[in-house]
Amino acid sequence: MKNLFDENKAEGLDDLAMRVYTSRLLGSDQDLVLHGGGNTSVKIDDLLYVKGSGWDLGSIEKEGFSPTRMEALLALLEYKRLSDSEMVRYQKEALVDQSAPNPSIEAILHALIPYKFVDHTHADAVVTISNTVEGKALIEALYGEEYLIVPYVMPGFVLAKVIDEMTRGVDWESLEGMILHHHGVFTFDHDARRSYDKMIDTVAKAEAYLDAHASLSMEAVAKEASCDLDALGKLLSEAKGYEVALRLNRSPLAHYFASQEDMTLYHKGVLTPEHIIRTKRFPALFDQNYAKELESYIENYEAYFFRHATDEVMLNPAPNWAVIKGVGTLSIGKNEKETKIIEDITSHTMKAILQGEKLGGYQSISEADSFAMEYWELEQMKLKGK
Ligand SMILES: [Zn+2]
């Protein structure tokens with residue numbers, strides 16, 4: 001993990017410009033955040049400027065930060081429970097400029113961290129280690145002394161409440177940051193550069209661990225098989241109810257992943273929870289009989305839905321990505337842009353799964369937690385562009 005901070009570029013920047021600068025540094029590294037993931041903030045006087053929804057850290061501008069009254073955000077912690085849509089409404093009311101974007105769903109958490117600059121990423125390396133059978137012990141050994149380690153809960157209000165409770169009586173000065181199991185990392189400081197440095201150092205530590213214990217060599221695998229993309233496109237379009245865009249990934253990683261003997265690898269789940277909105281929990285597996293394999297994927301998806309649903313409406317049960325045995329992976333979307341996003345996300349997921357296996361077994365969030373995320377009202381809103 002390279003520290004990209006450039007003293008010359010940072011010179012003379014005001015607080016908000018500095019916030020833009022280091023946010024973009026974080027956002028430029030796909031091993032830290034991917035497609036809208038992560039969020040950052042800066043406190044100026046009694047306002048929290050927090051990443052607005054719909055903005056990407058890599059390309060964020062000053063107007064991408066929502067100026068929100070700190071006091072109003074902190075007052076929300078008084079609630080025992082708050083539905084996510086209520087939280088979004090109250091957060092919007094706390095904006096000093098109603099034309100600003102909706103504050104991030106982590107705004108309350110950013111507000112309660114008593115430092116000027118707060119950085120949050122979904123760093124692959126840290127989450128990969130957490131997403132293993134021994135993840136709790138491994139993270140404890142790596143970070144236990146200087147970090148607050150937070151068990152997995154849903155992002156949003158619940159996470160803010162849990163961290164509020166966990167940090168009562170904790171000396172924040174003793175913390176280098178927070179590790180959120182199965183989710184990501186928070187660092188903070190009164191100085192933008194130091195908060196950024198802490199993030200890079202935190203992630204570098206996990207990367208060094210992975211290099212030492214889970215380095216991947218794409219050993220020679222069986223030579224490439226072939227596939228019939230036209231036939232797949234037809235079947236998938238029928239199942240989705242629209243003309244799908246397909247994107248085949250035959251990178252060494254995708255080919256290696258698709259050539260593994262152990263089929264359970266393909267059912268290991270997501271890297272970081274919000275990916276599930278794009279990718280669903282698992283890929284489909286296509287090998288011999290595409291129609292039958294698609295049917296079985298859909299049946300499994302429906303069974304998963306009915307195991308957990310209360311009053312949710314089922315999303316389209318057809319897959320958003322697939323492993324084509326011996327070939328590579330296939331991203332399935334409405335258009336090229338969507339398939340590219342899915343390909344980026346699943347590339348990071350495949351690497352994490354293969355590395356997690358080397359650490360004793362990859363283990364993502366539970367099926368119930370996955371469902372809660374996939375059918376989260378706020379995520380549904382995000383998909384609809386609200
Ligand atoms: Zn997050």
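The legends below describe close-up views of a predicted model.

**View 1. The zinc ion and its histidine donors.** In this predicted model, the zinc ion is coordinated through the NE2 atoms of His120, His122 and His183, at 2.1 Å. Read along the chain, the donors of the zinc ion follow the spacing H-x1-H-x60-H. Within this set, His120 and His183 link distant parts of the chain, being 63 residues apart.

**View 2. The surroundings of His120 and His183.** His120 lies in strand 4, which spans residues 117–121, while His183 lies in the loop between strand 6 (177–180) and strand 7 (184–189). Both His120 and His183 are buried, and each of these two residues contributes its NE2 atom to the coordination of the zinc ion.

**View 3. The backbone at His35.** His35 is placed in the loop that runs between helix 2 (15–27) and strand 1 (39–44). The phi angle of His35 is near 40°, which is a positive value in a residue other than glycine. His35 has a relative accessible area of 29% and is therefore classed as partly exposed, a class that lies between the cut-offs of 20% and 50%.

**View 4. The backbone at Asp45.** Asp45 is found in the loop between strand 1 and strand 2, the latter comprising residues 47–51. Here too the residue is other than glycine and phi is positive, with a value near 55° for Asp45. Because its relative accessible area is 74%, Asp45 is classed as exposed, the cut-off for that class being over 50%.

Note on methods. Residues are numbered from 1 along each chain as its sequence is written. This is a predicted model: local features need pLDDT of at least 70, side-chain atom pairs count only at pLDDT 80 or more; totals for chains, interfaces and linings use all residues. Side-chain values use heavy atoms; hydrogens and water are left out. Helices (H or I, at least four residues) and strands (E, at least two) are DSSP runs, numbered from the N terminus. Buried means under 20% relative accessible area, exposed over 50%, partly exposed in between (1.4 Å probe, protein chains only). Donors are N, O and S atoms within 2.8 Å of the metal (3.2 Å for Na, K and Ca); water is not among the atoms, so sites may look incomplete.
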